[in-house]
Amino acid sequence: RKFGVLFTAGPLSTSRTVREAQLEDYGSRDATFVNAIKDVRNGVLAVAEADPAAWTTIPMQGSGTMGIEAVINSISPPPTKNPNGKWLIVRNGAYSYRMAAIAEKRGLNVVPFDVEEGAEVDLTKLQSILEKEGSNITHAGIVHCETSTGMFNPILGFNRLVKRYNPAATVFVDAMSSFGGVEFRVPDVCDVMVTSANKCIQGVPGFSVVVARRQLMDACRGNSPSYTLDIVSQNDGLDKSGQFGNTPPVQAIMAFQQALKEHVAEGGVAARAARYKANNDYIANEMTKLGFKLFLDRSKPSFGHIITAYHAPKTASGAPVPNWDFMTFYNRLKEGGFVIYPGKASFADTFRIGALGDIHMADCEALMAEVKVTLKEMNVTF
């Protein structure tokens, strides 16, 4: 790997065979490519454990954030048609705040449930909001893996609680960096979900993936104010012709088709989750032995295995450890063949190390060996 092994949250390290799947050119209306789209749509539903008669897969060109905006645009009636409807959104990290910002930009009435970064989502406190708002909560959104901190949010309990107070409410899960690498059944946790090609399925960037109830698609036709960010019209076109209505990310689709095959060959979600967890556990164990402190409480169920945040090292008095500088640490690791992530927590000085992608225990061991060499070269001691 010319530019190093990526210990990030995506884009991430991919297999050689996934990268090679992009080397040929295909016509976007050609049968080979159209069949690849079909394989991708069916393969995603298999990972989701969703019935194809009741659920659909909708690949959307662009970034994961564009997929989130497309979903919010599409499942939300115009505010003038639903003036009393409200969006309940759990906000406990950068990506959940982004979800709320998208909804607010659409002019929707957002009811935030704010939780301090790193703290558990207390469903009992959430229940008090639902008791007060009742059926006014017509939509609810939650991020599964909040990659700014690495936290797993309780999507199953969230869905059940929202549906208890309004069975007709639409629940949206941002599973951007968890789908395919964390065990859950999509029909158990939401009505619509978004993930990305370049996360746990281990494809390359280029499109997001929406998994939605077909019944929801029928109810939302005409909602989106956007021509392109409309999951209903995209789904209609894919169902009718098997093709994208606008230029598709051809090479990214072909890579994703190969990535799905490799996901199945590895043993599906359970096997991939086990590998990611083993990667993450090893790195966390070694980092804490060196003196680094975890941002999240490892004893809690919310401690995820996709990416882990570490505090920048401090002395016992709380002062910065002498000679520590994250960018020096980052650049020296990169020179050694490893790329990690800067922090994204809003109130803490952190950095992150991912455990997902085509990385294996030998890669993790090599990373930690390089970390030890780098700290010695920087003369950083705890």
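## Salt bridges in a predicted model

Let's start with Lys-163, which counts as partly exposed because its relative accessibility is 22%. This is a predicted model, and in it Lys-163 pairs up with Asp-191 in a salt bridge, with the closest N and O atoms 2.7 Å apart. That pair ties together distant parts of the chain: Lys-163 sits in helix H6 (residues 155-165), while Asp-191 is in the loop between helix H7 (186-189) and strand E9 (192-196), 28 residues apart. Asp-191 has just 8% relative accessibility, so it counts as buried.

Helix H11 (residues 268-290) has a pair of its own: Asp-281 and Lys-277 are four residues apart there, which means about one helical turn separates them. Glu-286, also in helix H11, reaches a distant part of the chain, since its partner Lys-372 is in helix H13 (residues 361-378), 86 residues apart. Glu-286 is buried at 11% relative accessible area, whereas Lys-372 is partly exposed at 39%.

| Salt bridge | Closest N to O |
|---|---|
| Lys-163 with Asp-191 | 2.7 Å |
| Asp-281 with Lys-277 | 2.9 Å |
| Glu-286 with Lys-372 | 3.4 Å |

The structure holds 17 salt bridges, and Arg-41, Arg-214 and Asp-239 are joined in a network of them. On the charge side, there are 39 positive and 38 negative side chains, and the centres of the two sets lie 2 Å apart.

As for the overall fold, the chain has 13 helices and 14 strands. Its radius of gyration is 21 Å, which agrees with the value near 21 Å for a compact globule of 382 residues. Buried residues make up 57% of the chain.

Key:
Residues numbered from 1 in each chain as written. Predicted model: local features only at pLDDT ≥ 70, side-chain atom pairs only at ≥ 80, totals over all residues. Heavy atoms only, no water. Helix = DSSP H or I, 4+ residues; strand = E, 2+ residues; numbered from the N terminus. Rg over C-alpha atoms; globule rule 2.2 N^0.38 Å. Buried < 20%, exposed > 50% of the residue type's maximum accessible area, 1.4 Å probe, protein only. Lys, Arg positive; Asp, Glu negative; His and termini not counted. Charge placed at Lys NZ, Arg CZ, Asp CG, Glu CD. Salt bridge = Lys/Arg side-chain N within 4 Å of Asp/Glu carboxyl O.
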